[in-house]
Amino acid sequence: MPSDAEIKRHKDKTLASEFGTTAGASEADLSRRAFLKETIAGGAALFALQSRGAEAAQQFGTNAVPPSQTNGRELIDLSIRDASELVRQRKVSPVELTNACLAQIQKLNPTLNAFITVTAELAATEASAAEAEIQRGKWRGPLHGIPIALKDLFDTAGIRTTAGSGVFKDRVPTEDAEVVRRLKAAGAVLLGKTNMHEFAFGGSSLVTYFGGVHNPWERAHIAGGSSGGSAAAVAGRLCYAALGSDTAGSIRQPAAYCGIVGLKPTYGLVSARGVIPLSWSLDHVGPLARTTGDIALLLQAIAGYDPEDSASLSMKIPDYTAALRMSPTPLRLGIAREFFFDSLDPEIERAMSQALPVLEKLTAGIKDVAISASTQEQLRSTVRLAEAYAYHAKMMATSPDLYQPETLARLRPGANVDTVTYIQARRELEHTRRTIGQIFQTVDLLITPTSPILPPAIAEFQGDRNGSVDFVNRNIRNTSPFDVYGWPTISVPCGFSASGLPIGLQISGALGHDAIVLQLAHAYEQATDWHTRKPLGIG
């Protein structure tokens, strides 16, 4: 395991490329010419954005507001829906929003370590272009001019995409991932690439070439993973939303740990083309944001058939935002107490006991249901291990020293999964996805806790940055079955521990019923105030 000094050096090197500091940058990783280019470009971009914010009243009309607040609230605290409406009305400029996010990144990223790469110059260009288009009456929609971030496994043309690994520390794709292309078409502004557990193979976001991610609610605790940087960036107001990937819970678990909303859509609804894989059969792409309404806006932009993605499904894409306005009263809820409610942390158990009556009042009622979840982890683990090894085998053979040791230890056993075992597991996976949905004949949605445990302290990971066997098993216990099923599943905030750590509630629906999942999540959100709270000390 790398020493603290080595981790700090990697982190300092990353911050050097982000904010133009020379801390820890070596000639091997960052040439003087490249360093100067990054410094000049990043500094010039931030200065230009600050200048543009000061000129907003002249450039964007007399209704423009100061860059620090609008309607009495900080710009960075706005939901996408509210920020978008202000942008559409030309009361706030995309330049102001981008400026606010870049300032927040500069303020908090040194402690959160949520970003690997910050694309300040690109963000400045895109924000100015969005502003100009909107001034000409060419508003593209609710994501136009909204600053977002991407987990650093989404290919971005001309921008390094590392998957949190030294193996790919200098990898620069030539094409965008399909979801990145769709976000660009929607007019979103790219702030940069977020930190993550190396190659998405873990749930702590501490096993990364660029140093571990810290939880905005309590810096001494993990943010979860593998999309830990995306969750921390959203919770810390470093961006308005981010994309993540989910193979065992890597969107929903960090969302729960960071007190935000995270959606794993129906398998195949969102293209995974151009996304560095962990397991092709289980990888899901989805959004993280601070409200369900914002999740709906993002899903609307990225969902849809991709003929070049073999896992992509052709299905009708509804108006997800319109679904939020529908009453949840007719919905029948099922509670899978066996397995999912076993051995809960007492504070999570208390939060769930308070949340269930709220859900019952909102809907047609709740009843207990049984679902065979206990056998799914072995199935998922076999498929994931074989597919992960297939992707990494050649790189492990040629450059094993570039991997984090914990990742190598997880990948290498994949060589022992024989062809017969993999084919049988893959066949069982398909059978499970076709039959498990029978539960929705008697209920419309399934309710569970997102995680049975609270986000642990980073100090607990000193021996193994992946965490203890108990942590690894319990961390994804409640999330991983839904990657096997392929169901749409969302995590929404439902409370806090006595020490102020967030707790998440999980809502799952039948294949293709993402809109109904969003409908109930939004209704619960409107009936509670958990989503309105923010970490102390983030501004």
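**Exercise 1.** Which residues does serine 508 touch, not counting residues up to four places away in sequence?

*Solution.* Before we start: this is a predicted model, where local features need pLDDT of at least 70, side-chain atom pairs count only at pLDDT 80 or more, and totals for chains, interfaces and linings use all residues. Residues are numbered from 1 along each chain as its sequence is written, and side-chain values use heavy atoms, with hydrogens and water left out.

- Find serine 508 in strand β15, residues 502-509 (strands are DSSP runs of E, at least two residues, and helices are runs of H or I, at least four, numbered from the N terminus).
- Look around it: serine 508 touches Phe440, Asp444, Leu445, Leu446, Phe482, Trp487, Pro488, Thr489 and Val517 (contact means heavy atoms within 4.5 Å).
- Check the burial: serine 508 has a relative accessible area of 0%, so it is buried (under 20%; exposed is over 50%, partly exposed in between, with a 1.4 Å probe and protein chains only).

**Exercise 2.** Work out where phenylalanine 199 sits and what it is in contact with.

*Solution.*

- Place it: phenylalanine 199 is in the loop between β5 (189-194) and β6 (214-215).
- Burial next: at a relative accessible area of 1%, phenylalanine 199 is buried.
- Now the contacts: leaving aside neighbours within four places in sequence, they are Ala163, Ser165, Val167, Phe168, Ile276, Leu278, His392 and Tyr403.

**Exercise 3.** At what angle do the axes of α10 and α19 cross, and which residues make the contact?

*Solution.*

- Take the axes of α10 (residues 292-302) and α19 (residues 514-527): they come within 9 Å and cross at roughly 155°. Here axes are lines fitted to C-alpha atoms over the stretch in contact, and angles run from 0 to 180 degrees between N-to-C directions.
- That crossing makes α10 roughly antiparallel to α19 (over 145 degrees; under 35 is roughly parallel, 65 to 115 roughly perpendicular, the rest oblique).
- On the α10 side, the contact is made by Thr292, Gly293, Ile295, Ala296 and Leu299, and on the α19 side by Asp514, Leu518, Ala521, His522 and Glu525.

**Exercise 4.** Where do the buried residues of helix α4 lie around its axis?

*Solution.*

- List them: in α4 (residues 80-88), the buried ones are Ile80, Ala83, Ser84, Leu86 and Val87.
- They cover an arc of only 160° around the axis, so they are on the same side of α4 (the arc is that of the directions from the helix axis to the C-beta atoms).
- Step past the end: α4 is followed by arginine 90, whose phi is positive, near 60°.
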